[in-house]
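Visitor: I'm new here, and I'd like to learn how the labels on a structure are earned. Could you show me around?

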Amino acid sequence: MASPRSFSNSLQATNSLYLPQSTENKHVYLVGFVLLEHFSMMSFTAAVDVLVTANLVQAETVYIVSSFGLKNTSVTSDLGIDIATSAIIAEINNRAQQPFDLLFVCGGLRCDLTENSKLSQTIKTADKRGTLLGGIWNGVVSLVQANQLKQQPCALHIDNHPLMQEHFPAVNLTNKSFIYTTDHLSCADALGALEMMLAVVEDTSGKATFNAVKEILNCNRVFEGSVDQLIQFGDSDQFPAVLRNAIQLMHSNIEETISIDDIAVYLAVHRRQLERLFKQHMDTSPSRHYLEIRLTYARRLLVQSKDSITSIAIACGFISSNHFSNCFSQYFRMSPSTCRKHAVDSQP
């Protein structure tokens, strides 16, 4: 096998699920969600999806998720769909030997926000055990009722701002979509839940996992005038226009590749200027980034189609299947056929 190489930072996250994983033992985080009747399904699933996807891209279970009802093990969401929970909240209090790392109360537009004494006691007990508390949508009201926020800033759905301002004026209510501090977490809506949980993943599993999960769940977008457009992998709306145009040319010429000199000519810049831009903003070279784009494209075809390896090699601009296999093995530490087999074996 050829000498191994590593993807540059811009494409490391995109391919993380298919790269060799670290053998170090990671801390396993226990995450609980208390679901109020008529909770926001979209907010709950957004939060959980981040954690499940983080497990997927790390190829191991780092986050164990449990859900709880106040009185029953079935809770009705705002969509009228009944969700089976792991247990009722009394079970949370029984976990003195293995308390949750994080515990969220998930609310919704039509939730009853009258204080529930059992829930307040559960929140207080969890706090004493060192659990980081959080509120989703208007679930943060339950934390306030349990006297947990005091004058700390919090995020809350805009529909519930009058309630908080009138009944809990000491709370530092913000207009942010989510708040993440060392004391608590809160978010205002489904998008805030996604962003908040991505921040949790970044803090607990690192930037690489954060980038990988974000790319899968929260496709990068940029507004070009009034048009909302997706950003290709390996690109960023923070890059200079010349660099972004060069990357777009690479994406548009995968099967029939063009030289870096031709890209420079097309963009009316010197090759050295293009190389400096790639080095400054991506810490790589144009030719290496071009190769990594083609390999990433090939990996997606391998796991998402039944095309032959020879056909995929041609579609990605390689002169032969042997050349493609050598390049692929350098980066992924496995042959194209092994990568495809692993993808099939990992399917549920």
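Guide: Sure! Keep in mind that this is a predicted model. Let's begin with alanine 268, which sits in the loop between α10 and α11.

Visitor: What makes alanine 268 exposed?

Guide: Its relative accessible area is 69%. Exposed means over 50%, so alanine 268, at 69%, earns the label. Its phi is near 60°, a positive value in a residue other than glycine.

Visitor: Which residue just after α11 also takes a positive phi?

Guide: That's aspartate 283, with a positive phi of about 55° although it is not a glycine. You'll find aspartate 283 in the loop between α11 and α12.

Visitor: And why is aspartate 283 called partly exposed?

Guide: Buried needs a value under 20% and exposed one over 50%, with partly exposed in between. Aspartate 283 has 47% relative accessibility, so partly exposed it is.

Visitor: How do you know that the length of helix α11 agrees with what a helix should span?

Guide: Helix α11 has 12 residues, 271-282, and at 1.5 Å a residue they should span 16 Å. The C-alpha atoms at its ends are 16 Å apart, so the two agree.

Visitor: What makes you say the buried residues of α11 line one face?

Guide: The buried ones are Leu274, Leu277, Phe278 and Met282. Look down the axis of α11 and its buried residues fall within an arc of 95°, so they line one face of the helix. They pack against α1 (9-12), α9 (241-252), α10 (260-266) and α12 (286-304). On the face turned away from that buried side, α11 carries the exposed residues Arg272, Arg276, Lys279 and Gln280.

Visitor: Why do glutamate 275 and arginine 272 count as a salt bridge?

Guide: The cut-off is 4 Å between a side-chain nitrogen of Lys or Arg and a carboxyl oxygen of Asp or Glu. Here the closest N and O atoms are 3.9 Å apart, so the pair qualifies. Glutamate 275 and arginine 272 are 3 residues apart in helix α11, which means about one helical turn separates them. At 26% relative accessibility, glutamate 275 counts as partly exposed, while arginine 272 is exposed at 57%. Salt bridges with shared partners join Asp261, Arg271, Arg272 and Glu275 into one network.

Visitor: How many salt bridges does a search of the whole structure find?

Guide: It turns up 7. One of them pairs glutamate 202 with lysine 207, the closest N and O atoms being 3.2 Å apart.

Visitor: What makes the salt bridge of arginine 300 and glutamate 215 a link between distant parts of the chain?

Guide: First the bridge itself: the closest N and O atoms of arginine 300 and glutamate 215 are 3.6 Å apart, and the cut-off is 4 Å. Arginine 300 is in helix α12 and glutamate 215 in helix α8 (residues 207-217), and they are 85 residues apart. Arginine 300 is partly exposed, with 28% relative accessibility, and glutamate 215 is partly exposed too, with 23%.

Visitor: Now the rings. Why is the aromatic pair of phenylalanine 7 and tyrosine 331 called tilted?

Guide: Centres must lie within 6.5 Å to make a pair, and planes under 30 degrees apart are stacked, over 60 edge-to-face, and the rest tilted. Phenylalanine 7 and tyrosine 331 have 4.7 Å from centre to centre and 50° between the planes, so "tilted" fits. Phenylalanine 7 lies in the segment before α1 and tyrosine 331 in helix α14 (residues 321-332), so the pair ties together parts 324 residues apart in sequence. Both phenylalanine 7 and tyrosine 331 are buried.

Visitor: What about the rings of phenylalanine 318 and phenylalanine 324?

Guide: Their centres are 5.2 Å apart and their planes at 50°, so that pair is tilted as well. Phenylalanine 318 is buried at 5%, and phenylalanine 324 is buried at 0%. Ring pairs link Phe7, Phe318, Phe324, Phe328, Tyr331 and Phe332 into a cluster.

Visitor: Which charged end sits over the ring of phenylalanine 318?

Guide: That of arginine 294, placed 4.3 Å from the ring centre. Elsewhere, the charged end of arginine 95 sits over the ring of phenylalanine 100, 4.4 Å from its centre.

Note on methods
Residues are numbered from 1 along each chain as its sequence is written. This is a predicted model: local features need pLDDT of at least 70, side-chain atom pairs count only at pLDDT 80 or more; totals for chains, interfaces and linings use all residues. Side-chain values use heavy atoms; hydrogens and water are left out. Helices (H or I, at least four residues) and strands (E, at least two) are DSSP runs, numbered from the N terminus. The expected span of a helix is 1.5 Å times one less than its number of residues. Buried means under 20% relative accessible area, exposed over 50%, partly exposed in between (1.4 Å probe, protein chains only). The arc is that of the directions from the helix axis to the C-beta atoms. Contact means heavy atoms within 4.5 Å. Rings of Phe, Tyr and Trp (its six-membered ring) pair if their centres lie within 6.5 Å; planes under 30 degrees apart count as stacked, over 60 as edge-to-face and the rest as tilted. A charge sits over a ring if NZ of Lys or CZ of Arg is within 6 Å of the ring centre and within 35 degrees of the ring normal.
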